[in-house]
Amino acid sequence: VAYWSFNGNVNDSVENLTGTATNTTFVTGKKGQALKGASNGFVSYSSAGTKLPAMQSFTVAMWINTQKHTGGAQNVFMLPRTSDFWGNLFMMIEGNDGPSDSMLVKFHFDGNWVELTGNNRIPNMYGGWKHIAFSYNANTSKFSAYANGSKLALPASMTDRKNGTAPLGPLQFDDVSKFIIGGFQQHLGAPWSAPDGWMLPYTGQLDEFRIYNKALEDSDVNALY
């Protein structure tokens, strides 16, 4: 339902979502060119189109090339929500000022948090191109995460999503407005307040960014990798 190759432009080639780049650049990517973020940069979209807001299941897949940062959380992308501080869907990378090369990623969708902390941090994620993917299957209410084509072994507390004691089921993204790559919805200005101090733009490189309205099979994610 969305695909960004970042080969000389920041536009999605599925619904033709047209972006406005602020202080970002293009560099040599995993395939062709890639988007390079900045501490004061992001790409904003005045519309999220019709396909992204309608997703009940999803897979998000991308190549990232990331260096360690400190001082807050860098957000890779966000599907905003005007009526909620946390938006509808996003991925953020927490700071890392230690010796570990494992990345602490937090993924949020429709009020659900999956925080890859402790032993669930994603290993070997800094300094070079890495493929990462996340999915949710509305039929099974299961969340999955992948690194370099392989599914991560996550506990049921992360994979099995609930609405109370019942399976979560189909997602519903509400009050969708705009889209952003490399920042939080708060970087877009009104109707959101200014970003908190810990809310940082993504300074790494991003390439071959794809969003599907289904949970891909493990073999599909491996094929993308």
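Start by selecting Asn139, which sits in the loop between strand S11 (129-137) and strand S12 (142-147). Keep in mind as you click that this is a predicted model. Is Asn139 buried or exposed? Its relative accessibility is 76%, and exposed means over 50%, so Asn139 counts as exposed. Now add Asn120 to your selection and draw a distance between the two C-alpha atoms: Asn139 and Asn120 are 19 residues apart along the chain, and 25 Å separates them in space.

**Next stop: Gly128**

Go to Gly128, in the loop that links strand S10 (112-116) with S11. Select Thr66 as well. These two residues are 62 positions apart along the chain, yet their C-alpha atoms are separated by 6.9 Å. Which residues does Gly128 touch, leaving out those up to four places away in sequence? They are Ile64, Asn65 and Thr66.

**Zoom out to the whole chain**

Show the protein chain as a cartoon and you can look for two helices and 18 strands. Its C-alpha atoms fill a box of roughly 45 × 40 × 35 Å along the principal axes. Why can we call the overall size that of a compact globule? With 225 residues, such a globule would have a radius of gyration near 17 Å, and the 16 Å of this chain agrees with that. Contacts tell you about the fold too: of those with a separation of 6 or more, 65% are between residues 24 or more positions apart.

Switch on the surface next. The accessible surface comes to about 9,400 Å², with 45% of that belonging to carbon and sulfur atoms. Buried residues make up 52% of the 225 residues. If you colour by charge, there are 16 positive and 17 negative charges to find, and the mean positions of the two groups are 4 Å apart.

**Into the core**

Hide the surface again and look inside. In soluble globular proteins, nonpolar side chains tend to be buried together. Here, the largest nonpolar core has 50 residues, and Met91, Phe179 and Phe209 touch the most other members. Which strand gives the most to this core? Select residues 58-65: this is strand S6, which contributes four residues.

Centre the view on Met91 and show its neighbours. Leaving aside residues up to four places away in sequence, Met91 touches a long list of residues, including Met62, Ile64, Val76, Phe77, Phe107, Ile132 and Phe134. A second, separate core has 10 residues, among them Ala73, Met78, Ile180 and Met199.

**Backbone details**

Most residues other than glycine have a negative phi, and most peptide bonds are trans. With that in mind, visit three places.

- Select Ala190 and Pro191: a cis peptide bond joins them, with omega at about 10°. Pro191 lies in the loop between strand S16 (179-181) and strand S17 (199-201).
- Select Phe6, in the loop between strand S1 (2-4) and strand S2 (19-22). Its phi is positive, near 60°, although Phe6 is not a glycine. Phe6 is buried because its relative accessible area is 1%, and buried means under 20%.
- Select Asn148, in the loop between S12 and strand S13 (150-151). Asn148 also has a positive phi, of about 50°. Its relative accessible area is 25%, so Asn148 is partly exposed.

Notes:
Residues are numbered from 1 along each chain as its sequence is written. This is a predicted model: local features need pLDDT of at least 70, side-chain atom pairs count only at pLDDT 80 or more; totals for chains, interfaces and linings use all residues. Side-chain values use heavy atoms; hydrogens and water are left out. The radius of gyration is taken over C-alpha atoms; the globule rule is 2.2 Å times the number of residues to the power 0.38. Buried means under 20% relative accessible area, exposed over 50%, partly exposed in between (1.4 Å probe, protein chains only). Contact means heavy atoms within 4.5 Å. Accessible areas come from the Shrake-Rupley method with a 1.4 Å probe; for residues, only the protein chains shown count as cover. Lys and Arg count as positive and Asp and Glu as negative; His and the chain ends are not counted. The place of a charge is taken as NZ of Lys, CZ of Arg, CG of Asp or CD of Glu. A nonpolar core is a set of buried Ala, Val, Leu, Ile, Met, Phe, Trp, Tyr and Cys residues joined through side-chain atoms within 4.5 Å.
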